[in-house]
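Colleague: Please take a close look at one chain of this model and describe it for someone who works at the bench. Plain terms will do.

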Amino acid sequence: MALLLRLLQALALLLFVGAATAEHTSNWAVLVSTSRFWFNYRHLANVLSLYRTVKRLGIPDSQIILMLPDDMACNPRNAFPGTVYSNADRAVDLYGDNIEVDYRGYEVTVENFIRLLTDRLDEDVPRSKRLGSDAGSNVLVYMTGHGGDQFLKFQDAEEIGAWDLADAFGQMWEKKRYHELLFMIDTCQANTMYTHFYSPNIVATGSSELDQSSYSHHADNDVGVAVIDRWTYYVLEFLETQVTSANSKLTLGDLFDSYDMSKIHSQPGVRWDLFPGGEQEGRLRTVVDFFGNVQNVEIENANSTDPGSLKEDLAEIARLVEKWRKRDEEYSAIIGNSSQSQGEDTHSSTVQLKSKKPVGPTKMAEDSSWGKRLVGLSVVGACTAVWVAGSILGQSA
Amino acid sequence: MTSKTGDHESPQTLATSTAADLEPSAQRVPPPETPEAVQTRFRVIAAFWAVIIFLGFPIWWKTTSIYRAHLPIQDMADWADGKTCRPVFPLEIHVAAPTMQLPESQHLVRTTQHALDDLNDFAAHHLRLKLTNDTAAYTAQGSEHSTYVAGNMVDDGPDTALTVRVVSQEGLATPRSELRADTTQLDIFYPPSQVPIPSSSNPPLSVFIAEELQRLYSEEKATIAHILSGDNSGRDSERISRRLRRSMKYADTYHLSFSLFTPGSAPSSWDIEAAVQEYLSPLLHAFGPISNFTIDTQVQLYATFSPMAPPPIYDEEESAWTLKKEDLSAFINAAEWPLNPSIGNGPTLNFILYVPDPSQSPMIVKENHASSWIVPQWGGVFLLNPPLEQSGKSGSQTNPAHITQESLRPAFMTFSHQLLTLLGTPTTPASLPLRLQSLIRVRAATLLLSASSTMGSLARLTESLPSIPIPATVASSVSTTLSHLSSTCSHLRDGRFGAALASARIAETEAERSFFEKSMVGQVYFPDEHKVAVYLPLLGPIGVPLLVSLMKELKRLVAGWKARRRSTS
């Protein structure tokens, strides 16, 4: 009997934990291409395709951090200026007219990437360039570029090691900056990049094993270079053809089962062991848990009278407003009587909502430009005098 | 030729030395070094080594070492584990019984306190009753005072959470309670016959008051218990965790963004400034002790739904356009509507006023005919269906070009409610000042825990990443945080919740600052091969001759020393 009770308790606990951990409140995506130059067109196309997909599934631009180290759309070698395609049929212009690149060009560095993940940024860095995730956020991190055994090259100049990446995720976990994290990487020897991860709740997947290359899928003869990588191509194919709406019930298990080595030409890998419940539990997460922005809106019932319901609150707020109006009137009456006493009292009674005046352009130049010219002229004159004197003295010597 | 002469001469020189290996290839030995030359060489080598040891090594050590300020790791870990402080929430409740005699009222307070203590099952949160007599003055002042609890914390005494007025009323069979909605006062009316007799140990009036108070604070108690223990068991836990989930994370400053979206060209203006001033600023002022707010507004015309979103459907019965509940999450066209302006440094709460196209007006939610909904941790949406105007000869209907302040009233009342919800205000009791007070306590508890856990994270980070630099500013932030945490704790113990929240806010800010210190970037991991690759090309060419010469010199010194010892012995 006691055993049965214990068992039931454990079961209840398990159910509860399941229900509690399944919940996340926001979605963030960090999409990084790490390579520069025209012949790496496909890496930017990879990232832009993913960007388009997560945006389609509902993650707003403010929650997508897009890092593009080069500008393929405006590259002089681009035969189709202003566009980026990830397919030779050129059906979808990935650059489109609504794209927000957060880190561009030489801003895409290892340091900036790690600062982004750990939020160790200057205070004046705008929120759009920050990863504002919290303990309830599911984060998708996608990286692509050229890599090797336990490193990924950034812009031909530096590289991020698997240890640094693991430490960055470790710090994110310490500061509760993610709830669950899906790490995807498409590069040569990609699976080595997630071997050092140690923080929990991470699912990692990569395109190729140690000593394997990742290959491009196909080239567009008019663009002149390869336009997409194989692994990304087939991941996208799954996402685009099967995950058609933000309400899709397809799971990560389905996504990883769709990997076909004969098509990808390398051995994709998945790492489950950091996830609580391991593979069994991780496979049940839906794809849109990471690629979509599942938000359960709460409709307010205008007719219910529960405590804290809309109606109750409205009454309370109306009372508050009424009270303040009365107070304002009283104060204005007092002020009418004695015009001096409009000190702190009026300040506390009305919230100051000053409309900020737009700051107009101001002339940067100082007024003393003539003085500066004079100084410059005298310096030049003095130098000339010294030179002339020197040459005369030299001649005479 | 020369080799031959060498061969010839070698037996002569070798004859003087030991005759062990007489080989024909042995060469002519250079003349013995002069002692001055030996001395000079010794000095040169010593000079090189002196430079390396006294200059090179310290410089290398200095430039490659990482500055790590001393942090009180153990204290930080203790805070994180909750060993240093057990937060308690003693609420002081004033009881005034103007119609009773003093001994009677004292007895009433005593018995009520007993009953309360018996009912309470969560020790950290308890109510303390205190008898006050100057009721008239108190009620007038108390309500004012408690509305802005944290605004004036000059006095050292605990904040008054609630004033209970016990008044006798004729014609009542049982006691009756009434919570004044705009103040922090609970009126208890009792029949004169129920005045507690000093001999009775458990008078019904005391029990009634205790139960009322218990009911009033049950939600707050459950919330604080939920926050402190982090467990998800209990009766209200599902409701509370849902509320905590949809509310924003605490921030010092929130940015409120009010946006008017419409798919057409009208309405193109709204009386937003007056509406904010009139309907919202009282609430924001009441929130003053908890958070600051900044506001911006925008009007966006021709804002269409995203092509993916399911369009509204015309419902004949309702004669209205309806949106399905499950499609509401796709209502906001996040890709194209310019939301989330990166203004200021606080998180943004978005409030969207959507005026549907005249051809789709009125628009409501299908399931319950509501016109507003909350997007958790993001903001709120309100569908405003203004009366349409007939325009000109064509007879087509248009939206009014301007929305007046009066027609914004329902929208802003709803936004105010959504703001309350999004900021995590408890739903009970039904008095706004009490709810805000309750929020102060809940926020103080949350901030205390979050700052403590940040301290723990920082301590663990410091231990686990030995290569990360820790500047002195972090150490000072940590000490500020720890001192403010302990003052929060003592304020809580004394029941000064406004002051506790103020301290906790500072502690949280400093804790965040110390953890997110910008120079603490752990991008310094080098595998050992990398170190070898860096140092070998540099040290190889210099190191080999230096080491070899050092060894030679040592050998010579040892040989000389041995020879001297042999000659002396």
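Modeller: What follows is an account of chain B, with a short detour at the end.

This is a predicted model, in which local features need pLDDT of at least 70 and side-chain atom pairs count only at pLDDT 80 or more, while totals for chains, interfaces and linings use all residues. Residues are numbered from 1 along each chain as its sequence is written, and chains are lettered from A and ligands numbered from 1 in the order in which they are written.

Chain B has 14 helices and 17 strands; helices (H or I, at least four residues) and strands (E, at least two) are DSSP runs numbered from the N terminus. Of its 569 residues, 35% count as buried, a label that needs 20 or more other C-beta atoms within 10 Å of the residue's own, whereas 12 or fewer make a residue exposed and anything in between partly exposed, with C-beta atoms placed from the backbone. Among contacts in chain B between residues at least 6 apart in sequence, 77% join residues at least 24 apart. A contact here means that two C-beta atoms, placed from the backbone, lie within 7 Å.

By that criterion, 59 residues of chain B touch 59 residues of chain A. Two or more residues on this side of chain B come from each of α8 (237-246), α9 (272-286), β13 (372-375), α10 (405-422) and α11 (432-464) of chain B. The largest share, 10 residues, belongs to α9(B). By type, this side has 30 nonpolar, 18 polar and 11 charged residues; Ala, Val, Leu, Ile, Met, Phe, Trp, Tyr, Cys and Pro count as nonpolar, Asp, Glu, Lys and Arg as charged, and the others, Gly among them, as polar.

Strand β13(B) also pairs with β13 (residues 298-299) of chain A, in the antiparallel sense over 2 bridges; two strands pair if DSSP finds at least two bridges between them. The partner of A:I299 in this pairing is B:W373.

Within chain B, an open sheet of 3 strands runs in the order β9-β10-β12, with mixed pairing. Its edge strands, each paired on one side only, are β9 (313-315) and β12 (363-365). The twist averages 45° from one strand to the next. Strand β10 (residues 320-323) and β12(B) pair in the parallel sense over 3 bridges, with B:T322 opposite B:I364.

Now to a helix pair. Helix α4 (residues 102-119) and helix α6 (residues 204-216) of chain B pack at an angle of about 50°, with axes 8 Å apart. Axes are lines fitted to C-alpha atoms, for helices over the stretch in contact, and angles run from 0 to 180 degrees between N-to-C directions. The two helices are therefore oblique to each other; under 35 degrees would be roughly parallel, over 145 roughly antiparallel and 65 to 115 roughly perpendicular, the rest being oblique. Residues of α4(B) in the contact include B:L108, B:A115 and B:L119, and those of α6(B) include B:L205, B:I209 and B:L213. The residues of this contact divide into 9 nonpolar, 4 polar and no charged.

Last, the detour to chain A. A:Q150 has phi near 65°, a positive value in a residue other than glycine, and lies in the loop between β5 (147-148) and β6 (151-154) of chain A. With 19 C-beta neighbours inside 10 Å, A:Q150 counts as partly exposed.
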